[in-house]
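Biologist: Hey, could you walk me through this one? I'm new to it and would like the main points.

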Amino acid sequence: MNADSSLHALEEALKVSPTNIPLRLHVAESYIHLGRYADAIIHWKALLKLEPGNLDWQVQLADAYLQNEQLGEAAVVSEAITQASDAPPLAFLVAARIAFAEGDLRTAVHHYKTAIDLDPDLQDEVLDDQLGIGPLESTSEISEGRVRFTHDEEPPAFDIEIERPKMTFADVGGMDDLKEEIRLKIIYPLQNPDLYEAYGKKIGGGIMMYGPPGCGKTHLARATAGEIDAGFLSVGINDVLDMWMGNSEKNLHELFEKARRNSPCVLFFDEVDALGGRRSDMNSGSARQIINQFLAEMDGVQHSNDGLLVLSATNAPWHVDAAFRRPGRFDRVIFVPPPDRPGRAEILQWMCQSKPVKDIDFQYLAKQTDKFSGADLKAIVDVAIESKLGEAMKTGKPVPVTGKDLSQAAARHKPTTKEWFASARNYALYANEGGLYDDILKFLDMK
Ligand code: ATP
């Protein structure tokens, strides 16, 4: 009997005894083995009807959805499992694969790290490769899409992989002025260098984005790369300083070189204030050398920066060395505020698009979520989805999230941007050289 006809016989047996769990498990696993994921999904769902709280089966269902290229469903099922306190380690591996398939490298790395921490046997060469993080050593620690090394280790040469983001500006809700600024300042010059030179415009320099956390600075930088089909290299300055103590200039140079070799490439520096802020912890001579090296690389002193787009982000622009803002460096400093009302509606719509939802009045929700950051909006969508998952497990199919669920989640969530504005307000009032922080005052309606 071949595999198909024996499975047919087992299906017939299941019709007679539909609650025979071992038999159904065997059938579900056999379908996975044969690559018949849609059939496997039917059986995982049927099993979950019998035991809705079985987390191992939920993981299998999420994985089958992923294999069957039903990313939305896979994400819904997986997101809720990973939030359970007793989530099995495999759940994080599957969640990492789903996040990778969605182009969200940071989340992928985060989940992958959790999976390996819980069970080192889950290390997966394919994922190591895809995430560009190399095999994990027990002494190394991954954080937010970047590899961080402990101090007593010899830091390896810089080997962050270049991402190829699939997302574009269309995936960034609101922020129209910012998108236009990025187009004018760095995208058009990259695409039409001769035209810019003909008008006597100097090409080069970068944009520094600042604002409260979670308002989309990284998201926008990644989308900039996707918009022009460029590579994306994301570097957290804090990680770099930890990792490169003593060898920073050489590594900084290698990083720029790597971006140049892979041009067009967006080189994104997060937490750029750390270069200034960390000076007190560091021997000031070596700190100055790093800053000088950074500035020389940006100026393209020895090497052409054609095809290189440099973006940076900070929550504390007041700690960034003023030398960074000179012409040809981060000479455009842009405030990234929490999204406005239409922006929030757009972001929520974008976040819900691949999820099972119904009856959502996005305009109403946008009104309800004043001062919410993009990350706050993501949090309420996650909470609403989680609250629906129990139901979904009972019925065996995703139960749609409604506007009411989102609204209830929003009512319980405090926007995280308020604290940032409390301290930003003081800098804007008392250290506003050259009107650098006028946008903050405008936003707070104080100007
Ligand atoms: P931090 O200062 O903490 O690094 P950030 O400003 O870089 O924060 P992001 O990491 O880009 O913020 O945004 C956090 C999350 O919020 C993103 O992963 C994304 O899901 C969501 N988000 C933020 N802004 C937007 C937006 N405009 N459109 C869609 N999603 C957004």
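**Strands first**

Modeller: Sure. Strand β5 (residues 265-270) pairs with β6 in the parallel sense, over five bridges. Strands are DSSP runs of E with at least two residues, helices are runs of H or I with at least four, and both are numbered from the N terminus. Two strands pair if DSSP finds at least two bridges between them. This is a predicted model, where local features need pLDDT of at least 70, side-chain atom pairs count only at pLDDT 80 or more, and totals for chains, interfaces and linings use all residues. Residues are numbered from 1 along each chain as its sequence is written, and side-chain values use heavy atoms, with hydrogens and water left out.

Biologist: OK, so what stands opposite V310 in β6?

Modeller: That's L267.

Biologist: And how many bridges are there between β3 and β6?

Modeller: Four, again in the parallel sense, with β3 covering residues 207-210. Y210, for example, has T314 of β6 as its bridge partner.

Biologist: What's the order of strands in the sheet?

Modeller: The open sheet has five strands, running β4-β5-β6-β3-β7, with parallel pairing. At the edges sit β4 (231-236) and β7 (332-335), each pairing on one side only. From one strand to the next the twist averages 20 degrees.

Biologist: Back to β6: how many of its residues are buried?

Modeller: Seven of its seven, for the strand at residues 308-314. Buried means under 20% relative accessible area, exposed is over 50%, and partly exposed is in between (1.4 Å probe, protein chains only).

Biologist: Which residues are on which side?

Modeller: L308, V310, S312 and T314 are on one side, and L309, L311 and A313 are on the other, all buried. In a regular strand the side chains alternate between the two faces of the sheet.

Biologist: Switching topic: which residues come nearest the ligand?

Modeller: Of the 18 residues around the ligand, those are G214, K217, T218, H219 and N315. Being near takes a heavy atom within 4 Å.

Biologist: What kinds of residues make up that shell?

Modeller: Seven nonpolar, seven polar and four charged. Helices α11 (217-227), α16 (341-352) and α18 (374-395) each supply at least two of the shell residues.

Biologist: Where does the backbone come in?

Modeller: A backbone N or O atom of H219 lies 2.8 Å from a ligand oxygen atom, and one of G216 lies 3.1 Å from a ligand oxygen atom. A polar backbone atom of G173 is 2.9 Å from a nitrogen atom of the ligand.

Technical notes
A polar contact is a pair of N or O atoms within 3.5 Å; within protein, one must be able to donate a hydrogen and the other to accept it, and residues adjacent in sequence count only if both atoms are side-chain atoms. Ala, Val, Leu, Ile, Met, Phe, Trp, Tyr, Cys and Pro count as nonpolar, Asp, Glu, Lys and Arg as charged, and the others, Gly among them, as polar. Axes are lines fitted to C-alpha atoms, for helices over the stretch in contact, and angles run from 0 to 180 degrees between N-to-C directions.
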